Amino acid sequence: MNKSVISLQNVSKSYRQTQALDGVSLEVPPGTVFALLGENGAGKTTMIRILTGFLKADQGSATVLGQACAK
């Protein structure tokens with residue numbers, strides 16, 4: 001059982017010829033203050049959209065509170 005609040009395992013997403021996320025893995029344990037920072041075009045919004053279920057990752061898996069983000 002994964003005890004992370006947020007978990008991404010080898011998540012990749014591309015839009016046509018642009019690679020937005022390339023094999024991103026991340027674990028955020030309970031009680032952790034987490035900030036998602038990066039330059040424009042770094043994939044922050046794409047990651048949030050995957051975590052909220054608005055986008056499906058091309059590869060990998062994402063969970064929030066143990067629940068799969070993709071249906």
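The following conversation goes through the strands, the helix and the rings of one predicted model.

Guide: In this predicted model, local features need pLDDT of at least 70 and side-chain atom pairs count only at pLDDT 80 or more, while totals for chains, interfaces and linings use all residues. Residues are numbered from 1 along each chain as its sequence is written, and side-chain values use heavy atoms, with hydrogens and water left out.

Visitor: Why are S1 and S3 said to pair?

Guide: Two strands pair if DSSP finds at least two bridges between them, strands being DSSP runs of E with at least two residues and helices runs of H or I with at least four, numbered from the N terminus. Strand S1 (residues 6-15) and strand S3 (residues 59-64) have 5 bridges in the antiparallel sense, so they count as a pair. Within this pairing Gln9 stands opposite Ser61, and Ile6 stands opposite Val64.

Visitor: What makes S2 and S4 edge strands?

Guide: The open, antiparallel sheet of 4 strands has the order S2-S1-S3-S4. Strand S2 (18-28) and strand S4 (67-68) each have a single partner strand, so one side of each lacks a neighbour in the sheet.

Visitor: How do you know that Lys13 lies over the face of Tyr15?

Guide: A charge sits over a ring if NZ of Lys or CZ of Arg is within 6 Å of the ring centre and within 35 degrees of the ring normal. Lys13 lies over the face of Tyr15 at 5.7 Å from the ring centre, so the distance satisfies the 6 Å limit.
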